[in-house]
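Reader: I'd like a close look at one part of this model, and a connected walk through it rather than a list. Here it is.

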Amino acid sequence: MAVTGTTGALGSRIARRLAGHGVPQLLLGRDVAGIPELVGAQRRGPAPYDDEAALRPALDGASTLVLVSGRPLGRRLEEHAAVITAARAVGVERVVYVSLLGAGPDATYRNARDHWLTERFLADSGVRHTVVRAGIYASTPASLADDDLVVRGPAGAGRAAFVAHEDIAAVIAAVVRDDGAPSVHDGRTLEVTGPEAMTLAEAVGQIAVATGRPYRHEPETPEQAFTRRLRLGLSGEQIEAWISWYLAIAGGGLSTVTDVVPRLTGSPATPVAAIDWWPPPGRAS
Ligand SMILES: NC(=O)c1ccc[n+]([C@@H]2O[C@H](COP(=O)([O-])OP(=O)(O)OC[C@H]3O[C@@H](n4cnc5c(N)ncnc54)[C@H](OP(=O)(O)O)[C@@H]3O)[C@@H](O)[C@H]2O)c1
């Protein structure tokens, strides 16, 4: 089993869960020192997604790959395609790709269009695969907050089923541990959501409850959101990505609540107010 993105919030949780189940793993990262040291796991890298030559030896010996998506705007397809191609070259038989809820060619959220491109590449590659579409992270509004813990944006009255990293990791661990050939998850797309669809204002209120800190929400129009982000010095691509994130929530297309977490993990999805890990404010703009 190989897992990428293991220096990050999701990949590290997937790796810890698999280690807890005694699964031998190859943990990949760009910064090997930042990869968790876990029983039964080898740390492999540096393995940036845009470097097929470095990825091949890092993936050598794995039969299944969990591909945690990277962050570059506009280059996700190229980078993810390089990882999938390197995996195929060294004999990986199965890929579990962590995509995004709402992925599609006409998605409102810019990054969801990128994820759809990787989903298509994976389908065309012919490898056995499962697409895990993660819902909107509950942590994202917390990282969008400014130093005064205010979250602003044009999400309107739309709802989203914000989901905990830990629940997504638990689903992925369940998917990869079902390793029959074929697995019941082969060819499937699983949509992983939190237990309840709520507005951004409600989610921010729940984050305040969870953290005991006074996070609050202030609505913005798309025009106000544009002007504020432009003044922060963000690029057009970054501004589009963030405004489209809020507008995707406003549009209501992310409000579906699925049974994937309870069905695959045996535990109910975690309510936002009960999540115990939060990134610091100001990590996203
Ligand atoms: N569902 C959602 O709401 C949502 C929200 C935000 C992001 N995402 C997506 O979900 C992914 C995982 O989320 P997360 O919370 O774990 O993010 P994170 O904490 O930022 O971790 C991202 C991981 O991906 C690695 N990575 C990024 N680009 C890479 C590249 N080009 N080559 C190799 N490794 C690369 C990072 O490595 P380094 O430590 O070297 O940077 C890190 O290990 C994100 O990368 C993003 O694509 C989803």
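How many residues line the largest pocket, and which of them lie nearest its centre?

Author: Keep in mind that this is a predicted model. The largest pocket has a lining of 46 residues, and those nearest its centre are Ser 69, Gly 70, Arg 71, Arg 76 and Tyr 137. The space inside the largest pocket comes to about 1300 Å³. Several elements give two or more residues each to the lining: helix 1 (9-20), helix 3 (76-89), strand 5, helix 4, helix 5 (139-144) and helix 9. Helix 9 gives the most, with 4 residues. Sort the lining by class and you get 22 nonpolar, 18 polar and 6 charged residues.

Now pick up Arg 76 again, one of the residues nearest the pocket centre. Arg 76 is also part of a network of salt bridges, together with Arg 110, Arg 113, Asp 114, Glu 237 and Glu 240. Take one pair from that network: Arg 110 forms a salt bridge with Glu 240, and their closest N and O atoms are 3.5 Å apart. The pair ties together distant parts of the chain, with Arg 110 in helix 4 (residues 110-125) and Glu 240 in helix 9 (residues 236-250), 130 residues apart. What about exposure? Arg 110 counts as buried because its relative accessible area is 11%, under the 20% cut-off. Glu 240 has a relative accessible area of 35%, so this partner is partly exposed.

Strand 5 was also on the list of lining elements, and it brings in another salt bridge. Arg 94 pairs with Asp 186, the closest N and O atoms being 3.7 Å apart. Here too distant parts of the chain are linked: Arg 94 sits in strand 5 (residues 94-100), while Asp 186 is in the loop between helix 6 (165-177) and strand 9 (189-192), 92 residues apart. In this pair, both Arg 94 and Asp 186 are buried.

For a contrast in exposure, try Arg 263, which forms a salt bridge with Asp 259; the closest N and O atoms of the two are 3.2 Å apart. Arg 263 is exposed because its relative accessible area is 51%, and exposed means over 50%. Asp 259, at 43%, is partly exposed.

To put these pairs in context, a search of the whole structure turns up 21 salt bridges. So if you're turning the model by hand, Arg 76 is a handy place to start: this residue is among those nearest the centre of the largest pocket and belongs to the salt-bridge network.

Conventions: Residues are numbered from 1 along each chain as its sequence is written. This is a predicted model: local features need pLDDT of at least 70, side-chain atom pairs count only at pLDDT 80 or more; totals for chains, interfaces and linings use all residues. Side-chain values use heavy atoms; hydrogens and water are left out. A salt bridge is a side-chain nitrogen of Lys or Arg within 4 Å of a carboxyl oxygen of Asp or Glu. Buried means under 20% relative accessible area, exposed over 50%, partly exposed in between (1.4 Å probe, protein chains only). On a 1 Å grid over the protein atoms alone, a cavity is a set of points where a 1.4 Å probe fits but cannot get out, and a pocket is an open set with protein on both sides within 12 Å along at least five of seven lines; lining residues have an atom within 4 Å of a point. Grid points are joined across faces, edges and corners, and a volume is the space filled by probe spheres set on the points. Ala, Val, Leu, Ile, Met, Phe, Trp, Tyr, Cys and Pro count as nonpolar, Asp, Glu, Lys and Arg as charged, and the others, Gly among them, as polar.
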